[in-house]
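Biologist: I would like a close look at one helix pair in this model, and then at whatever else can be said around it. Please state the cut-offs as you go.

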Amino acid sequence: MEKTVKILITGKLHDIALKLLNNQPSELAVSESLNIVYIPDAPRDVILKEIEDTHVLISRSETDVDAELLRKAKKLSVVARAAVGYGNIDCDLATEMGILVVNTPGKNTNSAAELTMGLLLALVRKIPQAHVSTSAGGWNRHKFSGTELGGKTIGIVGLGNVGHRVAKFAKGFDMRVIAYDPYISEDVFRKNYAERKNTLEELLAECDILSVHVPLNKETKGMISTVELKKMRKGGIIVNAARGGIIAEKALLEVLNEGYIVGAAIDTFDNEPKPLQELISHSNVIVTPHIGASTAEAQYRIGETIAIQVLKALRGEIVDYPVNLPHVSLLGTNDLKVFSVLSEKVSRFGAQIFDFQPAVLKLTVKANLNKEDLQVLKLSAIKGFLSHASEEFVSYVNAEKILLRKGLEFEIEMTPSSTAKNELLFEVYGKGTNEKISVGAVLYDGKFARLSSINDFLFEIELDNDLIVMQNHDRPGVIGDVGSYLAKNNVNIAQFELSRNRRGGMAMSLIRIDGDLESEVVAGLRKLPNLISARLVSGL
């Protein structure tokens, strides 16, 4: 009897996807009969019933592929996400259950970049307002006088997949392009004809137009707020076609009402599908309902890609865009798994504490490992660093490819260990003489992991929860001031570690906290007496 594979599709796809699944080309033909159940926008209870005998699930953002759904899916072998994101999928559980997860990265890059420029043009030339007026019978050419893009300075935050294309398009309009992205090499800036700015503040001070193209995480959420907006030139313009929440919407509304910022064009919002009403109805704001990927070309590419990935998976072939590796015992023994997790955490930590343009990443390992195990640690370190720095999902499969695109080199070396203690040292180097940071960690008896050093400061602290990394002058009263300040802001300290290079010199503290920490609280820490710097390290 011929085997039938049930494919459940819970999000709207381009017709090309259904065409490829129903009429497979010879090079992608599968031996099984496919039972395709196409129910886009089906309610949750219907999906949970259908999933019980489903072999392949093709979803979009509307379907939460969580523990409840996965545990009901007794026959599920593939989850295919018809988009770049993966936040609605419990990837860890899927991997544990042997379910392959694939996605479609980079298929809407051009569409998002073009929308950015479209929003910008519509804003500076007042196109929506002119259309409404003229279509209603008006004819007021003087009322809708705008400005040109040529000669203006656009500041791009994030020079990744979308950001670099916005830079290219802006150059075509004879704009001056400046960019801030602390996670890519100088060579990538030169390749994209963008002037590199060392800090966000430096970029803001020089730009007439600000466009953000970064992932949304704890570091970037609210990264553009009142203080940042007022560092721009008066009369500036804001564009957000990346993720809602990167630009603090209430702060943006405030500076718009003051007239300091004269216009904003927004496609993504903090609260979708019900954004801040006062902002979207503002006379100097134009908005669209998160349509960055909503082009026929992008949807065609996404539909075609996801169908091909599913057919390759059913044929037992290597897929092009795997998110996880459930069928490969990549991490080997449990000891190696613990060590690889530590490698990933150390590099993720390192990615959040340097203030220069990186050129080389280096991992030094003190342990007794074979070449295959060392490669796992390398991939873990790259994955950890990039997971914080990249707008796309980073896996063991694509980590080295993404690193190459960012123009970064990676070095790894190992020395044998004569004890039960394994050690890691992750370093980031820039091209300048003093541009270097290091993060050390120790694994005791294969199970007790501790962060052991940051640069020349020694510690012994667990790498979990969020951490505040604080540097200060070694003076009396600093710890008390910090503790009192955090207490006033309802922040509970789980662990406090202090290290200093010499008495009366420089000190560094690591504060492990319970719960989440708002960026405003960290900003307030920096204002305390004797503090030099304070930053939040998250995602550990």
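Biologist: At what angle do helix H5 and helix H7 pack, and how many Å apart are their axes?

Modeller: This is a predicted model, so local features need pLDDT of at least 70 and side-chain atom pairs count only at pLDDT 80 or more, while totals for chains, interfaces and linings use all residues. Residues are numbered from 1 along each chain as its sequence is written, and side-chain values use heavy atoms, with hydrogens and water left out.

Helix H5 (residues 109-124) packs against helix H7 (residues 161-172) at an angle of about 50°, and the two axes are 9 Å apart. H5 is therefore oblique to H7. Helices (H or I, at least four residues) and strands (E, at least two) are DSSP runs, numbered from the N terminus. Axes are lines fitted to C-alpha atoms, for helices over the stretch in contact, and angles run from 0 to 180 degrees between N-to-C directions. Under 35 degrees counts as roughly parallel, over 145 as roughly antiparallel, 65 to 115 as roughly perpendicular and the rest as oblique.

The crossing of H5 and H7 is right-handed (the near helix is turned clockwise from the far one by less than a right angle; anticlockwise would be left-handed). On the H5 side, the contact residues are Thr109, Asn110, Ala112, Ala113, Glu114, Thr116 and Met117, and they meet Asn161, Val162, Arg165, Val166, Phe169 and Ala170 of H7. Contact means heavy atoms within 4.5 Å.

After H5 comes a loop to helix H6 (127-135), and Lys126 lies in it. Lys126 counts as partly exposed because its relative accessibility is 30% (buried is under 20% relative accessible area, exposed over 50%, partly exposed in between; 1.4 Å probe, protein chains only). Neighbours within four places in sequence aside, Lys126 is in contact with residues including Lys143, Phe144 and Ser145. The C-alpha atoms of Lys126 and Phe144 are separated by 6.0 Å, with the two positions 18 residues apart along the chain.

For a second helix pair, take H1 (residues 15-22) and H13 (residues 296-314), which pack at about 25° with their axes 7 Å apart. That angle makes H1 and H13 roughly parallel to each other, and their crossing is right-handed. H1 contributes Ile16, Ala17, Leu20 and Leu21 to the contact, and H13 contributes Tyr300, Gly303, Glu304, Ala307, Ile308, Val310 and Leu311. The buried residues of H1 are Ile16, Ala17, Leu18, Leu20 and Leu21. Their cover includes H13 together with strand S1 (4-9), strand S2 (33-38) and strand S3 (56-59).

Next, the nonpolar cores (sets of buried Ala, Val, Leu, Ile, Met, Phe, Trp, Tyr and Cys residues joined through side-chain atoms within 4.5 Å). The largest has 48 residues, of which Phe339, Phe349, Val365, Phe385, Leu451 and Ile454 touch the most other members. H15 gives the most to this core, with eight residues. A second, separate core of 31 residues includes Ala113, Leu115, Ile154 and Leu159.

Helix H15 (residues 371-389) also holds Lys383. At 15% relative accessibility, Lys383 counts as buried. The side chains of Lys383 and Glu344 are joined by a polar contact of 3.0 Å (a pair of N or O atoms within 3.5 Å; within protein, one must be able to donate a hydrogen and the other to accept it, and residues adjacent in sequence count only if both atoms are side-chain atoms). Beyond four places in sequence, Lys383 is in contact with Glu344, Val394, Ser395, Tyr396 and Ala399. Val394 sits in the loop between H15 and helix H16 (399-405) and is buried, with a relative accessible area of 4%.

Some backbone details remain. Most residues other than glycine have a negative phi, and most peptide bonds are trans. Asn490, not a glycine, has a positive phi of about 60°; Asn490 is exposed, at a relative accessible area of 74%. Asn530 is likewise not a glycine and has a positive phi of about 70°. A cis peptide bond, with omega of about 10°, joins Glu272 and Pro273, and Pro273 lies in the loop between S11 and H12.
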